[in-house]
Amino acid sequence: MNRTLSLFVIGLVFGGGLGFAIAAGNGVTFDGHDHADPSAHGGAMDHSAMGHGSDHEMMHDTPIDLPAANAPTVAMELTDDPMAGHNLHIITSNFAYAPQQASLAHTPGEGHAHVYINGEKLGRVYGPWLHIASLPKGEVTVEVTLNSNDHRPLSVNGTAISASTTLTVD
């Protein structure tokens, strides 16, 4: 009887741990974040479904208006990926990606980018390259904005620091 109980306990410990590891590795969430997605902690991530209050959302809408002298700039190149999808190259000046500062206080000259497809936020980007696996058919607008660590959009004279391109996807 003792052996059966011991094997049962061992099975629960290892089975439960293995089950948790498999679930977490396949994107099953336990705390509202996708642990299988490296972007959830440093890449592209959309906050829209995380249940933050309206004050949080309003903060994201209030731009940080910067003086034109030495303000960051952004440009973009969107190319077909030879295998599938598209590769987005985000080209910045006077700007440093700071994934380690995500959701912390604004620091001049650093932050992350937000990528939008037809006006819908795809997510955050903490580096100059992003692979977009698929785009909707038809005319598609891809836009990149520069944002502070605290997620507010950066602007100069009230105009968002952004770049966009429109393409037709077959």
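A polar contact here is a pair of N or O atoms within 3.5 Å, one able to donate a hydrogen and the other to accept it. Keep that in mind for the tour, and remember that this is a predicted model.

**Stop 1: E110**

Select E110, which sits in strand β5, residues 110–117. Show its side chain together with that of N149: the two make a polar contact at 2.8 Å. Now, which side chain of opposite charge is nearest to E110? That is R152, 12 Å away, and E110 has no salt bridge although it is buried. To see the surroundings, add the residues that E110 touches beyond four places in sequence: F95, A96, A98, Q101, N147, S148 and N149.

**Stop 2: F95**

From that set, pick F95. You will find F95 in the loop between β3 (86–93) and β4 (96–97). Is F95 buried or exposed? Its relative accessibility is 11%, so F95 counts as buried, the limit for that label being under 20%.

Next, bring up its contacts, again setting aside neighbours within four places: P72, G109, E110, G111, H112, L146, N147 and L154. For H112, try a distance between C-alpha atoms: F95 and H112 are 17 residues apart along the chain, and their C-alpha atoms are separated by 8.9 Å.

**Stop 3: F95 with Y97**

Keep F95 on screen and add Y97. A search of the whole structure finds 1 aromatic pair. F95 and Y97 form that pair, edge-to-face, with 5.5 Å from centre to centre and 85 degrees between the planes. Both residues are buried.

**Stop 4: D150 and R152**

Return to R152, the residue that lies 12 Å from E110, and select D150 as well. These two form a salt bridge, with their closest N and O atoms 2.9 Å apart. The count of salt bridges comes to 1. Colour the pair by accessibility: D150 counts as buried because its relative accessibility is 10%, whereas R152, with a relative accessible area of 21%, is partly exposed. The reason for the two labels is that buried means under 20%.

**Stop 5: the open sheet**

Finally, switch to a cartoon view and highlight β1, β9 and β10. These 3 strands form an open sheet in the order β1-β9-β10, with mixed pairing. At the edges are β1 (64–66) and β10 (159–160), each pairing on one side only. Zoom in on β9, residues 154–156, which pairs with β10 in the antiparallel sense over 2 bridges. Which residue of β10 is the bridge partner of V156? Select T159 to see that partner.

Technical notes: Residues numbered from 1 in each chain as written. Predicted model: local features only at pLDDT ≥ 70, side-chain atom pairs only at ≥ 80, totals over all residues. Heavy atoms only, no water. Helix = DSSP H or I, 4+ residues; strand = E, 2+ residues; numbered from the N terminus. Buried < 20%, exposed > 50% of the residue type's maximum accessible area, 1.4 Å probe, protein only. Lys, Arg positive; Asp, Glu negative; His and termini not counted. Salt bridge = Lys/Arg side-chain N within 4 Å of Asp/Glu carboxyl O. Contact = heavy atoms within 4.5 Å. Pairing = 2+ DSSP bridges. Phe/Tyr/Trp six-rings, centres within 6.5 Å; stacked < 30°, edge-to-face > 60°.
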